[in-house]
Amino acid sequence: MKRRKVGNMLGLAVLSVVLERPMHPYEMAALLKRRGKDADLPIKWGSLYTVVANLEKHGFIEAVESVKDGGRPERTVYRITPAGRAEFEDWVRELVGTLDPEPPRFRSGLSMMGVLGPDQAINELRRRLGRLEDRAGKQRAALDRLRPLMPRVFLIEVEYDIAMTEAEARWVRGFLDELTSGSLPGTQAWRRWYETGELPADLGEFVEER
């Protein structure tokens, strides 16, 4: 992945909204939250102002005016620069076309799951499945809420989130069925190893056992 002058993903979100029109940070945050983007990027005021300052420092956005609304402090309005638009497009191209080099944490856990033994593994996978199903329900509700507010092209990432959550839930459900039914080859050898701490003399037991 390319090393960027502003690498915080919140910077990408800021560029996405000032691409539409000039606005001050409060408007940026309000618009991102209204569109549900805070589900992907927790928006904290301190972080937002730091990111805005860094984007301005590197010439990706620029201040165009300061506005005062009633008794509120002055707010600086920013617009995207040509360099900012080029950076935004390059960043999005990289995110869409490049595979993430970091493996998911879940994959790392699966690679070490033998240490838990079958029963603990089943309990934790059931817990994960419940959380996945709950997440999918919330994601579908969020999509239903956002659909009337914006075109589908701006909600593709929510559809992707739902598809990925449901795909993982299907996989976990299928693997759980194998574990609980005893149809996964090597389950008994795995259980003996967990209970005794001794690997079988022939590791083929993990493969050939039925």
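Why does Gln139 count as buried? The answer is a matter of accessibility: Gln139 has a relative accessibility of 16%, and the cut-off for a buried residue is under 20%, so Gln139 falls on the buried side. The model in which this holds is a predicted one. To see what lies around Gln139, it helps to begin with the whole chain and then come back to the helix that carries this residue.

The protein chain has 9 helices and 2 strands. Read from the N terminus, the order of its elements is α-α-α-β-β-α-α-α-α-α-α, with the strands following the opening three helices. Of the 210 residues in the chain, 32% are buried. Among contacts between residues at least 6 apart in sequence, 59% join residues at least 24 apart.

The largest nonpolar core holds 23 residues. Val14, Leu15, Met28, Val52, Leu55 and Ile61 are the members that touch the most others. Two or more residues come from each of helix 1 (9-18), helix 2, helix 3 (45-57), strand 2 (75-80) and helix 4 (82-97). Helix 1 is the main contributor to this core, giving 7 residues. Leu55 shows how such contacts look for a single residue: leaving out residues up to four places away in sequence, Leu55 touches Val6, Gly11, Val14, Leu15, Phe60 and Ile61. There is also a second, separate core, made of 14 residues, and Leu125, Leu132, Val172 and Trp190 are among them.

Helix 6 covers residues 117-146. At 1.5 Å a residue, its 30 residues should span 44 Å, and the C-alpha atoms at its ends are 43 Å apart, so the expected and computed lengths agree. Its buried residues are Gly117, Pro118, Ala121, Ile122, Leu125, Leu129, Leu132, Ala136, Gln139, Leu143 and Leu146. One general point helps in reading this list. An α-helix has 3.6 residues a turn, so residues three or four places apart point the same way. The cover over the buried residues of helix 6 includes helix 2 (25-34), helix 5 (105-111), helix 7 (156-181) and helix 8 (187-196).

Gln139 can now be put in its place, which is helix 6. Neighbours within four places in sequence aside, Gln139 is in contact with Val158, Asp161, Ile162 and Thr165.

A residue of helix 7 can be followed in a similar way. Phe175 lies in helix 7 and is buried, because its relative accessible area is 13%, where the limit is under 20%. Not counting residues up to four places away in sequence, Phe175 touches Met113, Leu125 and Leu184. Ile122 is 53 residues from Phe175 along the chain, yet the C-alpha atoms of these two residues are separated by 9.3 Å.

The last feature is the second largest pocket, with a volume of about 420 Å³. Its lining consists of 14 residues, and those nearest its centre are Arg128, Leu132, Arg135, Thr165 and Glu168. Helix 5, helix 6 and helix 7 are the elements that give two or more residues to this lining, and helix 7 gives the most, with 6 residues. By type, the lining has 6 nonpolar, 2 polar and 6 charged residues. Two names in this pocket have come up before: Thr165 is one of the residues in contact with Gln139, and Leu132 is a member of the second core.

Notes:
Residues numbered from 1 in each chain as written. Predicted model: local features only at pLDDT ≥ 70, side-chain atom pairs only at ≥ 80, totals over all residues. Heavy atoms only, no water. Helix = DSSP H or I, 4+ residues; strand = E, 2+ residues; numbered from the N terminus. Expected span 1.5 Å × (residues − 1). Buried < 20%, exposed > 50% of the residue type's maximum accessible area, 1.4 Å probe, protein only. Contact = heavy atoms within 4.5 Å. 1 Å grid on protein atoms, 1.4 Å probe; cavity = no way out; pocket = protein on both sides within 12 Å on 5 of 7 lines; lining within 4 Å. Points joined across faces, edges and corners; volume = space filled by probe spheres on them. Nonpolar A, V, L, I, M, F, W, Y, C, P; charged D, E, K, R; others polar. Core = buried A, V, L, I, M, F, W, Y, C linked by side-chain atoms within 4.5 Å.
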